[in-house]
Amino acid sequence: MKAMEAMEALNKVIQIMGIETGDTLVKKFTGYMDGVLEWNEKVNLTTITDPEEFVIKHFIDSVICADYPEYAKAERIIDVGTGAGFPGVPLAIISPEKNFFLMDSLNKRLKIIDVLCEENNIKNVITIHARAEELAKNKAHREQYDLCVSRAVANMSVLAEYCLPFIKVGGFLLAYKGPDAETELAEAQNALMMLGGRVEEIRHGQLTEFGIDHKIAVIKKIKNTPSKFPRKAGTPAKEPLK
């Protein structure tokens, strides 16, 4: 599969999800990919530099939750640990009616996302330079989001402590996980309970034809997160909740 075929496959995936596609959408995806790959020569944004692989692993993988009911009803969405803008930017491209807040601790990446969104007319993205442990204590962000999405590489207990404080009661966390999702979630049950979350289910990516073996953990926020969480910066990763 060549890059152009991969982009056509992306188009097909989006259509299957019931989302209108067209030249504008393709232009935004192509422009964003070209921009990331160009900037990647100066700043480390991604290890994936082959355009075909980029479309599959960054774009198609990012949008696999777009037909979920939890996603459909969300208006304010935060992407915690967005990196080079995934899954936030691809989701923002296909859902211009939703508001996306992309958070990362590395400002250099966020400035690039700002530039690329401006260049490609992606108007529903706001970047936030912060650590999750600090931003989640801010009243303007604490329990203010309908949905949190994250592809950040972190143990489920750690990721939950970063993400759940941002989500409103009744909202959801969609955590992109690998093949060990079930084990991770079983080990994180107590942590999730402490943080006000409950596992609804684990969904499979349904994109095996592209070699994607991601699972998405769907976690519902069922009660307010106690004010002591998240703990101070660095603590969640060093001492995960048991």
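A cavity, on a 1 Å grid over the protein atoms alone, is a set of points where a 1.4 Å probe fits but cannot get out, and its lining residues have an atom within 4 Å of a point. With that noted, I started my entries.

**Ground rules**

I am working with a predicted model, where local features need pLDDT of at least 70, side-chain atom pairs count only at pLDDT 80 or more, and totals for chains, interfaces and linings use all residues. Residues are numbered from 1 along each chain as its sequence is written, and side-chain values use heavy atoms, with hydrogens and water left out.

**Entry 1: the cavity**

I searched the whole structure and found 1 cavity of 30 Å³ or more. The largest cavity holds about 30 Å³ of space, a volume being the space filled by probe spheres set on grid points that are joined across faces, edges and corners.

Which residues line the largest cavity? I wrote down Met-7, Leu-10, Asn-11, Ile-14, Leu-25, Val-26 and Phe-29. Helix 1 (3-16) and helix 2 (23-39) each give at least two residues to this lining, and helix 1 has the largest share, with 4 residues. Helices (H or I, at least four residues) and strands (E, at least two) are DSSP runs, numbered from the N terminus.

By class, I counted 6 nonpolar, 1 polar and no charged residues in the lining. For these classes, Ala, Val, Leu, Ile, Met, Phe, Trp, Tyr, Cys and Pro are nonpolar, Asp, Glu, Lys and Arg are charged, and the others, Gly among them, are polar.

**Entry 2: helix 2**

I then checked the length of helix 2. Its 17 residues should span 24 Å at 1.5 Å a residue, and this agrees with its end C-alpha atoms, which are 24 Å apart. The expected span is 1.5 Å times one less than the number of residues.

Buried residues of helix 2 include Leu-25, Phe-29, Tyr-32, Met-33 and Val-36. Buried means under 20% relative accessible area, exposed over 50%, and partly exposed in between (1.4 Å probe, protein chains only).

**Entry 3: cysteines**

How many disulfides does the structure hold? I found 0; a disulfide is a pair of cysteine sulfur atoms within 2.5 Å. Cys-148 is in no disulfide, and its nearest cysteine sulfur, that of Cys-163, is 3.6 Å away. Cys-148 counts as buried, at 0% relative accessibility. Cys-163 is buried too, with a relative accessible area of 0%.

**Entry 4: salt bridges**

My search of the whole structure gave 12 salt bridges, each a side-chain nitrogen of Lys or Arg within 4 Å of a carboxyl oxygen of Asp or Glu.

I looked up Lys-221 and Glu-143, whose side chains meet in a salt bridge at 2.9 Å, N to O. They link distant parts of the chain, 78 residues apart: Lys-221 is in strand 7 (residues 215-221), and Glu-143 is in the loop between helix 7 (132-135) and strand 4 (145-150). Lys-221 is buried at 1%, and Glu-143 counts as buried at 18%.

Next came Asp-146 and Lys-168, with their closest N and O atoms 3.2 Å apart. Asp-146 lies in strand 4 and Lys-168 in strand 5 (residues 167-177), so this salt bridge ties together parts that are 22 residues apart in sequence. Lys-168 is partly exposed, at 32%.

The side chains of Glu-182 and Lys-215 also form a salt bridge, at 3.0 Å, N to O. Because Glu-182 is in helix 9 (residues 181-187) and Lys-215 in strand 7, the pair ties together parts 33 residues apart in sequence. Glu-182 is partly exposed at 37%, while Lys-215 is buried at 10%. I also noted that Glu-70, Glu-201 and Arg-203 are joined into one network by salt bridges that share partners.

**Entry 5: backbone oddities**

Most residues other than glycine have a negative phi, and most peptide bonds are trans.

Where does Pro-87 lie? I placed Pro-87 in the loop between strand 1 (76-80) and helix 5 (88-94). The peptide bond from Phe-86 to Pro-87 is cis, with omega near 5 degrees. Another cis peptide bond joins Phe-229 and Pro-230, with omega about -5 degrees, and Pro-230 lies in the loop between strand 7 and helix 11 (235-238).

Asn-121 has a positive phi, near 55 degrees, and sits in the loop between helix 6 and strand 3 (125-129). Asn-121 is partly exposed, at 43%. Glu-143, met above in a salt bridge with Lys-221, has a positive phi of about 50 degrees although it is not a glycine.

Terms used
On a 1 Å grid over the protein atoms alone, a cavity is a set of points where a 1.4 Å probe fits but cannot get out, and a pocket is an open set with protein on both sides within 12 Å along at least five of seven lines; lining residues have an atom within 4 Å of a point.
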